Amino acid sequence: MAKWGRKLPKGRGLGIAAHRSFLSYVATVVEVAVSADGTLTIPGVWVAVDAGTVINPRHVRAQMEGGTIYGLSNALYGAITAKDGAVVQDNFPSWRLMRMGEAPRAFEVEIVASDAPPGGVGEPPTPPAAPALANAIFAATGHRLRTLPFIGADGSKLALPTKQSA
Amino acid sequence: MAISLKVNGKSRTVDAAPGTPLLWVLRDHLGLTGTKFGCGAAQCGACTVHVNGEPTRACVTPHDSLADAEIVTIEGVSGAAAEAIRNAWIAKDVPQCGYCQAGQIMSATALLKSNPAPDDAAIDEAMSGNLCRCATYMSIRRAIKEAAATL
């Protein structure tokens, strides 16, 4: 569905990750576009889910979109730190959440037909979102980012290594 | 000091401390609890109402600055754009937990009133002030486009 392996222009990349939780399997492909200065956009996301017997497919699709975007949001922006016994981030100015303009442009969900016992759909899309994103950034830039979040509450760009330090 | 506010087309007398944000006047003095408190810092958009047709964050707007203004809340929003948005929101099953949705609907309605055929960039511009932790952004974008197509 993501046309894995297709030829992409410079600065674009696909990343994939899969995870099983709450009895459900979710596989996620993220496409990123990263400009030379580290500005990132997400042209597309594709999610395949095997959640066993599905009662309400529209609900499953909504949860796949929401849980994935929440995972992308945390990977990009969502640091939580503690100081003097209290969490520092106490409101939205310091705990950044993905906004409409930063959300993926396209999002496709495929539900695998199954008559197995029903699994969860609320949290399962979240775990594969960050690794799929990180793999896509590697595919697009050649750089492995290993510190979360990739952008942070106040940033606007990926912190890519400069040519000298790479 | 008691002042008169025009809310959803009706004149209402409110006696609140000077500088009390409109949000608390709506919720605590007038019982209009459809408008939500999210952050209190104009960062999330859950408290969005219309003031003279403009989407406005009620949590940071002093009520006593609005003596001559037309204030419209989620309870009173009406007209072709509001109707189209309401129908599209139902058709596309947009809300998940629902907490931010009154603000989302007020921003989306104001957008369609000023721009009946918004493209993605216009939707981003108008809607990026409204956070959704359930991340219903894809559904919101689809619903705004569907609503625009019916106008």
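User: In this predicted model, what do the buried residues of H4(B) pack against?

Analyst: Start with who is buried: Ile123(B), Ala126(B) and Met127(B) are the buried residues of H4(B). They cover an arc of only 85° around the axis, so they sit on the same side of H4(B). As for general background, an α-helix has 3.6 residues a turn, so residues three or four places apart point the same way. The partners of these buried residues are helix H3 (101-114) and H5 of chain B.

User: Which element gives the largest share of the side of chain B that touches chain A?

Analyst: Across the two chains, 19 residues of chain B are in contact with 16 residues of chain A. On the chain B side, the elements giving two or more residues are helix H4 (120-127) and helix H5 (137-150). By class, that side has 11 nonpolar, five polar and three charged residues. The largest share, four residues, comes from H5(B).

User: Over in chain A, are H1(A) and H2(A) oblique or parallel to each other?

Analyst: Helix H1 (residues 57-76) of chain A and helix H2 (residues 129-141) of chain A have axes that come within 8 Å and cross at roughly 60°. An angle below 65 degrees but not under 35 falls outside both the perpendicular and the parallel ranges. The two helices, H1(A) and H2(A), are therefore oblique.

User: Which residues of H2(A) does H1(A) meet?

Analyst: H1(A) passes H2(A) in a right-handed crossing. By class, their contact has five nonpolar, three polar and no charged residues. From H1(A) come Thr68(A), Gly71(A), Leu72(A), Asn74(A) and Ala75(A), and in H2(A) they meet Ala129(A), Ala130(A) and Leu133(A).

User: What is omega for the peptide bond from Leu148(A) to Pro149(A)?

Analyst: Pro149(A) turns up in the segment after H2 of chain A. Most peptide bonds are trans. The bond from Leu148(A) to Pro149(A) is cis, with omega near -10°.

User: Is Asn52(B) buried or exposed?

Analyst: Look for Asn52(B) in the loop between E3 and strand E4 (54-57) of chain B. Its phi is near 50°, a positive value in a residue other than glycine. Asn52(B) has 11 other C-beta atoms within 10 Å, and with the cut-off at 12 or fewer, that makes Asn52(B) exposed.

User: And what is phi of Ala42(B)?

Analyst: Ala42(B) lies in the loop between helix H1 (22-29) and strand E3 (48-51) of chain B. With 18 other C-beta atoms within 10 Å, Ala42(B) is partly exposed. Phi of Ala42(B) is positive, though the residue isn't glycine: near 55°.

Methods. Residues numbered from 1 in each chain as written. Chains lettered and ligands numbered in written order. Predicted model: local features only at pLDDT ≥ 70, side-chain atom pairs only at ≥ 80, totals over all residues. Axes fitted to C-alpha atoms, helices over the stretch in contact; angles between N-to-C directions. Parallel < 35°, antiparallel > 145°, perpendicular 65-115°, else oblique. Left-handed = near helix turned anticlockwise from the far one by under 90°. Contact = placed C-beta atoms within 7 Å. Nonpolar A, V, L, I, M, F, W, Y, C, P; charged D, E, K, R; others polar. Buried ≥ 20, exposed ≤ 12 C-beta atoms within 10 Å, placed from the backbone. Arc of directions from axis to C-beta.
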